[in-house]
Amino acid sequence: MIIGIGIDILEVGRIQRVVERNVRFLDRVFTEREIQYSQPKKNKYQHLAARFAAKEAFFKAIGKRIAWTDIEVVNETSGQPRLVVHAKEDFGFTRSHLSLSHLAEYALAVVILEK
Ligand SMILES: CC(C)(COP(=O)(O)OP(=O)(O)OC[C@H]1O[C@@H](n2cnc3c(N)ncnc32)[C@H](O)[C@@H]1OP(=O)(O)O)[C@@H](O)C(=O)NCCC(=O)NCCS
């Protein structure tokens, strides 16, 4: 049964501007793995923006905000993204689904939670 859904769209340039102005933002919002994944990519801000959107979409799906790094996006070897929850709290779902898409200007994410 689907118990939560969340979607978020974000301007890639907004993330780029915040990161360029404040490098600490990176470590506050993204996990080491998320940074390691995005940093070497040609369009790193697109990947970071998509991960930011995924966190926001997750917050919508659970109906509340948690610490940014308590929810993480990891990629399977196929490239498929999935969510890893680090928060101790039980949000009541047993399975999560994540889909990301990004272009030069916008990144978006959809999260579905099942029980
Ligand atoms: C997955 C795929 C649809 C991505 O589409 P795209 O238009 O190039 O890119 P989008 O911006 O819409 O999406 C990119 C996101 O798709 C997701 N993605 C990548 N591979 C995926 C897969 N196998 N399944 C689901 N999602 C996938 C990732 O989250 C990626 O963003 P990220 O790298 O920041 O995590 C496309 O790469 C594809 O058709 N893959 C099928 C397998 C394949 O052909 N692999 C490449 C072999 S050379």
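**View 1. An open sheet of 3 strands in a predicted model.** The strands follow the order 1-5-4, and their pairing is antiparallel. Strand 1 (2-11) and strand 4 stand at the edges. Each has a single partner strand, so one side of each lacks a neighbour in the sheet. Neighbouring strands are turned against each other by 10° on average, direction ignored.

**View 2. Strand 4 beside strand 5.** These two strands run antiparallel. Strand 5 covers residues 106-114, and 8 bridges join it to strand 4. One position can be picked out: Ser101 has Leu108 of strand 5 as its bridge partner. In general, strands of a sheet pair through backbone hydrogen bonds.

**View 3. Helix 1 and helix 4 on the sheet.** Helix 1 (residues 12-21) packs on the sheet and touches strand 1, strand 4 and strand 5. The direction of helix 1 makes about 70° with that of strand 1. Helix 4 also packs on the sheet, touching strand 1, strand 4 and strand 5. For helix 4, the angle with the direction of strand 1 is about 145°.

**View 4. The shell around the ligand.** The residues surrounding the ligand are His47, Ala50, Asn75, Ser78, Gly79, Gln80, Pro81, Leu100, Ser101 and His102. Helix 4 (44-62) and strand 4 (95-102) each supply at least two residues of this shell. Strand 4 gives the most, with 3 residues. By class, the shell has 7 polar and 3 nonpolar residues. It has no charged residues. Ser101 belongs to this shell and is also the bridge partner of Leu108 in strand 5.

Key
Residues are numbered from 1 along each chain as its sequence is written. This is a predicted model: local features need pLDDT of at least 70, side-chain atom pairs count only at pLDDT 80 or more; totals for chains, interfaces and linings use all residues. A residue is near a molecule or strand if its C-beta atom, placed from the backbone, lies within 6 Å of it. Helices (H or I, at least four residues) and strands (E, at least two) are DSSP runs, numbered from the N terminus. Ala, Val, Leu, Ile, Met, Phe, Trp, Tyr, Cys and Pro count as nonpolar, Asp, Glu, Lys and Arg as charged, and the others, Gly among them, as polar. Two strands pair if DSSP finds at least two bridges between them. Axes are lines fitted to C-alpha atoms, for helices over the stretch in contact, and angles run from 0 to 180 degrees between N-to-C directions. Two residues are in contact if their C-beta atoms, placed from the backbone, lie within 7 Å.
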